[in-house]
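Trainee: I have the model open. Can we go through the labels and check each one against its cut-off?
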Amino acid sequence: MKPLAGLRIADFTVHAAGPFCTHMLSQLGAEVIKVETALRPDIFRKSHAVYGRQGPATFDQVSSNKLSVRLNLKHPDGVALAKHLVSVADIAAESFRAGVMERLGLGYDALRAVKRDIVMVSVSSSGQSGPESHFAGYAPLFGAWGGIGYLSGHADGPPMEMRHVMDHSVGMNAALATIAALHHRRRTGEGSHVDVAAREVASSLVGDALTAASAGIAVERMGNADPRRAPHGLYPTQAPDRWLSIAVASDAAWQRLAAIIGRPELVSDPRFITADKRHANCADLDALLTRWTSARDGEETARQLQSAGIAAHMSWAASDIVTDPHMRARGSIVDVAETNGVMRAAVGRVARFSVDDSPGITRGTPELGGDEAYVYGDLLGLSQSRIDALVADRAIY
């Protein structure tokens with residue numbers, strides 16, 4: 001049995017951050033019912049040719065495992081049916097702008113009236129309260145607000161927008177908070193409203209910079225460098241756009257690296273004799289390493305350095321990860337059958353449990369409304385004639 005087997009989530013989330021929260025919980029065994037509408041489909045259902053495929057790759061990564069039903073939340077009967085769904089759920093998750101659920105008649109107080117111990121999870125850009133709670137946002141703005149964008153990038157360039165990593169970081173924090181709320185309910189019998197602000201998640205990732213700023217110390221962008229260590233960064237290999245990541249953390253590792261590159265005399269070079277000296281002269285050191293790595297096979301070099309106890313690995317593209325034997329052996333990369341029978345690779349759950357070794361993803365991306373017979377018929381007990389009437393009236397749409 002998966003750890004969260006038996007839990008049910010009414011999922012009103014859209015886009016990426018909120019859906020990634022419920023996606024993670026689904027991989028742990030929760031039954032997640034995604035509420036959608038043909039009036040305004042989740043924007044991530046749209047095809048993204050930029051990913052090299054016409055299918056909605058962005059939607060796939062946060063929607064596998066889920067069930068899908070259509071509901072028009074601007075129709076009174078649609079709202080009533082949403083409440084019926086919540087009444088048989090443990091969690092209601094949403095990621096609209098603050099105040100939207102209340103205006104739809106589906107705020108926390110309204111949901112608590114139909115399910116006393118419901119756990120409601122709200123994911124938004126700036127939270128459910130505060131002077132900027134009404135602000136809309138998307139992943140790059142989360143990082144910009146939270147300070148992580150300013151710290152990302154090279155010293156001679158602009159801040160870097162943080163995209164999927166921000167959405168997924170928010171989703172992971174929301175999933176953890178949801179588990180905490182469920183534990184609270186188990187101890188007290190009380191539900192709660194979990195308020196997750198994306199910009200606050202971003203700020204939590206730059207705690208060291210915030211501490212430095214409070215002491216009057218400015219932390220600036222440093223690209224792939226490290227505040228103390230050198231060499232530390234990405235170095236070109238003989239293949240186009242294939243980069244080798246190397247991090248030297250000690251004098252002993254530096255001595256081994258100098259021997260491997262055939263330059264043992266560098267150990268006694270006044271520029272590189274100590275960690276502080278190496279860091280102060282990192283430009284010269286990087287130039288030396290670049291000349292060495294750019295003439296070599298990256299994967300072979302990474303293996304050689306790793307065998308010598310030096311932290312090194314290729315900066316992998318997604319195509320490398322999909323075929324990685326290690327990830328495949330651990331079940332981290334799994335092949336999932338879509339509803340049309342096409343197999344595709346997906347990232348499985350990132351934790352293993354001794355009590356459960358089953359795969360995290362067991363079904364592909366749901367078709368819009370593809371699970372209504374089960375949800376509305378078997379789960380909520382609506383007759384087929386009632387379902388047909390709601391469809392005809394566009395409450396289910």
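Mentor: Start with R278, which sits in helix 12, residues 275-280. Keep in mind that this is a predicted model.

Trainee: Why is R278 called buried?

Mentor: Buried means under 20% relative accessible area. R278 has 3%, so R278 counts as buried.

Trainee: What makes the link between R278 and A230 a polar contact?

Mentor: The cut-off is a pair of N or O atoms within 3.5 Å. A polar atom of the R278 side chain lies 3.3 Å from the backbone oxygen of A230. That distance fits the cut-off, so the label holds.

Trainee: Which residues beyond its sequence neighbours does R278 touch?

Mentor: Leaving aside neighbours within four places in sequence, R278 is in contact with A230, S250, D251, W254, R271, F272, I273 and L285.

Trainee: W254 and F272 are both on that list. What makes them an aromatic pair, and of which kind?

Mentor: Ring centres must lie within 6.5 Å, and planes over 60 degrees apart count as edge-to-face. For W254 and F272 the values are 6.0 Å centre to centre and 70° between the planes. So the pair is edge-to-face. W254 belongs to helix 11 (residues 251-260), and F272 to the loop between helix 11 and helix 12, 18 residues apart. Both W254 and F272 are buried.

Trainee: How many aromatic pairs does the structure hold?

Mentor: It holds 2. F135 and W145 form a pair as well.

Trainee: Why is the pair of F135 and W145 called stacked?

Mentor: Planes under 30 degrees apart count as stacked. Here the angle is 20°, with 6.2 Å centre to centre, so F135 and W145 are stacked. F135 is in the loop between strand 5 (119-124) and helix 6 (139-146), and W145 is in helix 6.

Trainee: Are F135 and W145 buried or partly exposed?

Mentor: Partly exposed lies between 20% and 50%. F135 has a relative accessible area of 31%, so F135 is partly exposed. W145 is at 27%, so W145 is partly exposed too.

Trainee: What makes R221 count as lying over the ring of Y150?

Mentor: CZ of Arg has to be within 6 Å of the ring centre and within 35 degrees of the ring normal. R221 lies over the face of Y150, at 5.0 Å from the ring centre. R394 lies over the face of Y397 at 4.2 Å. Both distances are within 6 Å.

Trainee: Back to A230. What is special about the bond between A230 and P231?

Mentor: It is a cis peptide bond, with omega about 0°. Most peptide bonds are trans. P231 lies in the loop between helix 10 (207-214) and strand 7.

Trainee: Which sheet does strand 7 belong to, and why is strand 7 an edge strand?

Mentor: An open sheet of 3 strands has the order 7-8-9, with antiparallel pairing. Strand 7 (232-236) and strand 9 (311-314) each have a single partner strand, so one side of each is left without a neighbour in the sheet.

Trainee: How do you know that strand 7 and strand 8 pair?

Mentor: Pairing needs at least two bridges. Strand 7 and strand 8 (residues 243-247) are joined by 5, so they pair. One bridge partner of P236 is W243 in strand 8. Helix 13 (residues 282-293) lies across strand 7 and strand 8, at about 35° to strand 7.

Trainee: What is the strand order in the 6-strand sheet?

Mentor: The order is 3-2-1-4-5-6, the sheet is open, and the pairing is parallel. Strand 3 (67-70) and strand 6 (192-197) stand at its edges, each with a single partner strand. Strand 1 (residues 8-12) and strand 2 (residues 31-36) are joined by 4 bridges. Against the cut-off of at least two, they pair. D11 stands opposite K34 in strand 2.

Trainee: What makes the phi of H15 and N65 worth a look?

Mentor: Most residues other than glycine have a negative phi. H15 has a positive value near 70°, and N65 one of about 85°. H15 is in the loop between strand 1 and helix 1 (17-27). N65 is in the loop between helix 2 (57-63) and strand 3.

Trainee: Which of the accessibility classes does each get?

Mentor: H15 is at 40%, so H15 counts as partly exposed. N65 is at 10%, so N65 is buried.

Key
Residues numbered from 1 in each chain as written. Predicted model: local features only at pLDDT ≥ 70, side-chain atom pairs only at ≥ 80, totals over all residues. Heavy atoms only, no water. Buried < 20%, exposed > 50% of the residue type's maximum accessible area, 1.4 Å probe, protein only. Polar contact = N/O pair within 3.5 Å; in protein donor to acceptor, adjacent residues only side chain to side chain. Contact = heavy atoms within 4.5 Å. Axes fitted to C-alpha atoms, helices over the stretch in contact; angles between N-to-C directions.
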